[in-house]
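Open your viewer and keep the sequence panel beside it. We will go from one selection to the next, with a short note on what to find at each stop.

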Amino acid sequence: MQSLFQQHLNQLQALAQDILQTNRADGIWIHAGEEQYHFLDDQTKPFKINPLFNYFVPHTHAVGSWLYLDGVNKPHLYFYQPDDYWYLHEAAPQAFWTAEFEWTILKHADDIKTHFHDLDRTLYLGEEVALAQAFGFRQINPQKALNYLHYQRSIKTDYELHCLQQAQFAALKGHQAAQAAFFDGQSEFEINLAYLRASEQSDLSVPYGNIVAINQHSAVLHYTRLQTQNPPQRLSFLLDAGASYLGYAADITRSYSFDPNDEFAQMVQVLDRNKLVIIEQMQVGYNYLSYHTMMQQAIAAILHDFDLVRLPAEQIFEEGINRTFFPHGLGHLLGLQVHDVAGFQQNRRGTHKAPPEVYPSLRCTRNLEANMVLTVEPGLYFIPMLLQAWRNHPLAKQFNWQKIDRFTAYGGIRSEDNIVITANGAENLTQNALTALGG
């Protein structure tokens, strides 16, 4: 692990040199971030580290800390560790990565001012813009520097790939526990507790709010309400939940029918097979949009094959009916952020390519490159609000409304794996971990 991180940091040092040269600067200060208070309150919001800080420093709890880089000398970490008996502040860690940095312990937040120099030729990267201005920084979050960093972050180092693979294990252990809890008759709230216990996380440490959805709640794409009471009848279950390892996220979704032999269970299996087929076809050089389009065509075929829409699959696709049942994108870049940066950024200069008008929710318009990590998460949903527009459409009579209304009680299906693009195609990180766990 230490050698992987050394290689990672060496690549980032070279990147820092490029950024400094193009921005005509001598150094970069990256701020981990400060705790933010709720409005009219003395309680703070859950802290989330600046991902640019976490990119260099494998530590997610470094509130108030700073990193200085010049691309040549050993990076200097100014670690905030105040004397405080009200709250727990992290002790300076001793880990595989700590020897790669020069260390200074800050006992008071303002102590960092004594370490600043020549701020006219120094970049500030972080959220606290007003604080940076007060300190005297002139170049605050320059877009040219951010473009370089964002683009580089979309191509993972071997260290990052290791972290992303490790995150799969905790998430899958949680998924296995949650699946058992659903079939055991537990509520959404109780299932979430089972997930957190098995994955050894808290509601504040998961990379995103867990989506624990029974029945029609599965049709709410980002459902996070967590009912404490069970519905009168259990029909379906969707779990979209992840885990983090040194800041790197897993993002996995599974769907189930309570009756493993009913038609909805068959639909779950078909969607999952189509996901794996898409993954098998992914190659370097092909645009992610092409795979999204292929999945939309597969959804059209499912609508035809399950007698949900009584039109040929080709016509279903041409009319755009499939987009009502699959309204989000096929997936997104994954890394230090669940929806990782640079999904639309075509190069280091920051050239932006928006998604096409017919697929506004697509989160990636990039050509696939080796060491990109993405999610692949097709879905099929019965969303009354989206279906309403078709009820008064000239093609309404081609919809099997009786069957669609029956499946509306099931909500929907989503199946999501995390993959890394290699020179030989896509490697499925989620399936790798599942195999290692004996699943």
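The tour begins with the ground rules, then moves from domains to rings and single residues.

**Before you start**

This is a predicted model, so local features need pLDDT of at least 70 and side-chain atom pairs count only at pLDDT 80 or more, while totals for chains, interfaces and linings use all residues. Residues are numbered from 1 along each chain as its sequence is written, and side-chain values use heavy atoms, with hydrogens and water left out.

**Stop 1: the two domains**

Colour residues 1-141 as domain 1 and 158-437 as domain 2; these bounds come from an automatic or database domain assignment. Taken over C-alpha atoms, the centres of domain 1 and domain 2 are 35 Å apart. Where they meet, domain 1 gives 15 residues to the contact and domain 2 gives 14 residues. Contact here means heavy atoms within 4.5 Å.

Next, select residues 163-423. UniProt lists this span, in an unreviewed entry, as "domain: Peptidase M24"; UniProt positions are given in the numbering used here, feature names are shortened, and annotations may be inferred rather than shown by experiment. The span is 38% helix and 15% strand, and its end C-alpha atoms lie 20 Å apart. Helices (H or I, at least four residues) and strands (E, at least two) are DSSP runs, numbered from the N terminus.

**Stop 2: a cluster of rings**

Show the side chains of Phe5, Phe79, Phe96, Trp97, Phe101, Trp103, Tyr159 and Tyr248: ring pairs link them into a cluster. Rings of Phe, Tyr and Trp (its six-membered ring) pair if their centres lie within 6.5 Å; planes under 30 degrees apart count as stacked, over 60 as edge-to-face and the rest as tilted.

Stay here and add proline 58, found in the loop between α2 (51-56) and β2. Which residues does proline 58 contact, leaving aside its neighbours within four places in sequence? They are Phe5, Phe96, Trp97, Tyr159 and Leu246, and several of these names come from the cluster, including Phe5 and Trp97. Proline 58 counts as buried because its relative accessible area is 4%; buried means under 20%, exposed over 50%, and partly exposed in between (1.4 Å probe, protein chains only). Draw a distance from proline 58 to glycine 247: their C-alpha atoms are separated by 7.1 Å, although their positions lie 189 residues apart along the chain.

Then click on leucine 246, in the loop between β8 (236-245) and β9 (248-257). Its phi is near 55 degrees, a positive value in a residue other than glycine. Leucine 246 is partly exposed, at 25% relative accessible area.

**Stop 3: an edge-to-face pair**

A search of the whole structure finds 32 aromatic pairs. One of them joins phenylalanine 325 and phenylalanine 382, edge-to-face, with 5.9 Å centre to centre and 85 degrees between the planes. Phenylalanine 325 is in helix α10 (residues 321-325) and phenylalanine 382 is in the loop between β11 (379-381) and α11 (384-391), so that the pair links distant parts of the chain, 57 residues apart. Is phenylalanine 325 buried or exposed? Phenylalanine 325 is buried, with a relative accessible area of 0%, and phenylalanine 382 is buried with 0% as well.

Now move to threonine 408, in helix α12 (residues 401-408). Beyond its neighbours within four places in sequence, threonine 408 contacts Gln216, Phe382 and Pro384. Threonine 408 is buried, with a relative accessible area of 19%.

Select arginine 406 and phenylalanine 407 too. The charged end of arginine 406 sits over the ring of phenylalanine 407, 4.8 Å from its centre (a charge sits over a ring if NZ of Lys or CZ of Arg is within 6 Å of the ring centre and within 35 degrees of the ring normal).

**Stop 4: last selections**

Valine 72 is in the loop between β2 (66-69) and β3 (76-80). Valine 72 is exposed, at 65% relative accessible area, and touches Gln13 and Gln17, not counting residues up to four places away in sequence.

Finish with asparagine 371, in the loop between α10 and β10 (373-376). Asparagine 371 has a positive phi of about 75 degrees although it is not a glycine, and is partly exposed, with a relative accessible area of 23%.
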